[in-house]
Amino acid sequence: MTSSSHEVSVGARLPDWVMADVRAERMRVTSAIHRDPNPVHWDPRSTRSRGLDGRVINQGPLNASYLVNMVMAWRGPTCLRGLHVEFDGRICDGDHVTARGVVTAIDPMTHVATCEVWLERLDGSRPVVGTARVDLSG
Amino acid sequence: MAWVNAGIEHLVGHQFPGGVRAIAHWENYLLTEATGRELLPDDLAHPIHLFHVPIDGVGVTIAELFELFEADGPDQVGLQAYEWEWFEPLRESLDYHCSGGVVEVERRVEHDGNDRPYDHVVFRIELTVDGSIVARATTTWHLWRSPVTRR
């Protein structure tokens, strides 16, 4: 259920969206769909030199998708207008990450909210940070 | 120390072939499931299709992009940022006309003690239907360059 735009205010927190178990099999499906040849997403041998001990690295689009899922769970499946994400760390299979966000501005003319969004590990670090533009009028 | 690859700044302005691409139900189902949520209603496609559909739609593969940007290997490409814009929701089975190209290339150096160079590359692709823009994807990669001595 979503609330109307006037019920959202700057500083409001978006409901958390949790990916409790990043899975290698989901990365393999994604690599196949993307036709992505980078073995760090599907071959554990390729990441041993990075000290990952047989773990593989989640694709950037999958990391971003957790933020998208958080926004859609908040305001519905057609609310997202823009997403800018930057990557400052890797997320691997077995990781637990939480998508979080906070409203930083609302355009009163367009009813589009600007939200700071990020993925957070259990230790509080943020390997993915960004900004989402969310239509509140729906 | 000498470094391989003198630079790829000449790629600024390079246009991809372009083409038409629809999102199939099977890929929407599988990719949405991979994101950890259930399929969206009403033939809506998960917004995350805005990564691979534009690339595929303009007629290139990720491997071909690595080749175009003269990557030293798949693991020498670092994802830096996405800028995704949706003017309309993505949907299954619609024919999206895809066009775009390379908009920025800059040789930079990582100041981490090794002074390793990389190419900051930005490419942008638009999806349109009947001439109206539906979505735009801007992707920033870093192409790490290896020293000659390591080859």
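## Helix α2 of chain A across the sheet

In this predicted model, α2(A) lies across β1, β2 (80-87), β3 (97-107), β4 (112-121) and β5 (128-135) of chain A together with β2 of chain B, and the helix runs at about 145 degrees to β2(A). Helices (H or I, at least four residues) and strands (E, at least two) are DSSP runs numbered from the N terminus, while axes are lines fitted to C-alpha atoms, for helices over the stretch in contact, with angles from 0 to 180 degrees between N-to-C directions.

Residues are numbered from 1 along each chain as its sequence is written, and chains are lettered from A and ligands numbered from 1 in the order in which they are written. Local features need pLDDT (the predictor's confidence in each residue, from 0 to 100) of at least 70, side-chain atom pairs count only at pLDDT 80 or more, and totals for chains, interfaces and linings use all residues.

## The sheet

The sheet is open and has 10 strands, in the order β1(A)-β3(A)-β4(A)-β5(A)-β2(A)-β2(B)-β5(B)-β4(B)-β3(B)-β1(B), with antiparallel pairing; two strands pair if DSSP finds at least two bridges between them. At the edges stand β1 (17-19) of chain A and β1 (19-21) of chain B, each pairing on one side only, and the twist from one strand to the next averages 25 degrees.

Within chain B, strand β2 (residues 77-86) and strand β5 (residues 132-144) run antiparallel and are joined by 9 bridges, and B:L79 stands opposite B:W141 in β5(B).

## The nonpolar core

The largest nonpolar core (buried Ala, Val, Leu, Ile, Met, Phe, Trp, Tyr and Cys residues joined through C-beta atoms within 7 Å) has 72 residues, and A:L67, A:V71 and A:L80 have the most contacts inside it. Helix α2 (residues 60-75) of chain A gives the most to this core, with 9 residues. A residue is buried if 20 or more other C-beta atoms lie within 10 Å of its own, exposed if 12 or fewer, and partly exposed in between, with C-beta atoms placed from the backbone.

Leaving aside residues up to four places away in sequence, A:L67 touches A:L83, A:V85, A:A99, A:V117, A:L119, A:G130 and A:A132, where contact requires C-beta atoms, placed from the backbone, within 7 Å.

## Helix pairing and confidence

Helix α1 (residues 24-34) of chain A packs against helix α1 (residues 25-34) of chain B at an angle of about 145 degrees, their axes 9 Å apart. The contact is made by A:R26, A:V29, A:T30 and A:I33 of α1(A) and by B:E27, B:L30, B:L31 and B:A34 of α1(B).

The predictor gives the complex an ipTM of 0.93 and a pTM of 0.92; the mean pLDDT of chain B is 92, and 93% of its residues reach 70 or more.

Definitions and conventions:
Contact = placed C-beta atoms within 7 Å.
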